Amino acid sequence: MNQEIYCSVDTCHYWEQGNHCKANKIMVTSDAAGDSMPDNFDAPQASMAAPTPANTCMETACKTFVPKQSNNINADGVYKQG
């Protein structure tokens with residue numbers, strides 16, 4: 001299945017013109033869970049994460065965010081698609 005992921009956070013390493021997310025995988029979790037996870041716990045480990053219920057979209061976050069020009073772009077095991 002080919003999915004299109006959109007993101008307007010243009011300071012992210014995976015952001016591309018047109019608000020496209022170019023990460024090969026993403027992980028969306030609750031804010032509370034994301035705050036407690038290290039940066040290297042991301043989409044590749046998602047199947048091991050406990051479910052993280054949220055009541056509104058305001059309680060969720062993209063765990064895959066990495067700032068542009070960061071030295072940690074490989075910390076989470078996610079790569080940018082060409």
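**Close-ups: two pockets and a threonine**

**View 1. The second largest pocket, at about 260 Å³.** This is a predicted model, and here we zoom in on a pocket lined by 18 residues. Closest to the centre of this second largest pocket sit Asp-39, Lys-63, Thr-64, Phe-65 and Val-66. Three elements each put two or more residues into the lining: β3, α1 (31-36) and β4 (60-62). Helix α1 chips in the largest share, with 3 residues. Sorted by class, the lining comes out as 6 nonpolar, 6 polar and 6 charged residues.

**View 2. Thr-29, a buried residue in strand β3.** The strand here covers residues 28-30. Thr-29 has a relative accessibility of just 5%, and since the cut-off for buried is under 20%, it counts as buried. Its side chain makes a polar contact with the side chain of Thr-52, at 3.1 Å. Setting aside neighbours within four places in sequence, Thr-29 is in contact with Gly-34, Met-37, Thr-52, Glu-59, Thr-60, Ala-61 and Lys-63. Lys-63 turns up in View 1 too, among the residues closest to the centre of the second largest pocket.

**View 3. The largest pocket, with about 340 Å³ of space.** Its lining takes in 14 residues, and the ones closest to the centre are Gln-3, Ile-5, Cys-21, Ala-23 and Gln-81. By class, the lining of this largest pocket splits into 5 nonpolar, 5 polar and 4 charged residues.

Conventions. Residues are numbered from 1 along each chain as its sequence is written. This is a predicted model: local features need pLDDT of at least 70, side-chain atom pairs count only at pLDDT 80 or more; totals for chains, interfaces and linings use all residues. Side-chain values use heavy atoms; hydrogens and water are left out. Helices (H or I, at least four residues) and strands (E, at least two) are DSSP runs, numbered from the N terminus. Buried means under 20% relative accessible area, exposed over 50%, partly exposed in between (1.4 Å probe, protein chains only). A polar contact is a pair of N or O atoms within 3.5 Å; within protein, one must be able to donate a hydrogen and the other to accept it, and residues adjacent in sequence count only if both atoms are side-chain atoms. Contact means heavy atoms within 4.5 Å. On a 1 Å grid over the protein atoms alone, a cavity is a set of points where a 1.4 Å probe fits but cannot get out, and a pocket is an open set with protein on both sides within 12 Å along at least five of seven lines; lining residues have an atom within 4 Å of a point. Grid points are joined across faces, edges and corners, and a volume is the space filled by probe spheres set on the points. Ala, Val, Leu, Ile, Met, Phe, Trp, Tyr, Cys and Pro count as nonpolar, Asp, Glu, Lys and Arg as charged, and the others, Gly among them, as polar.
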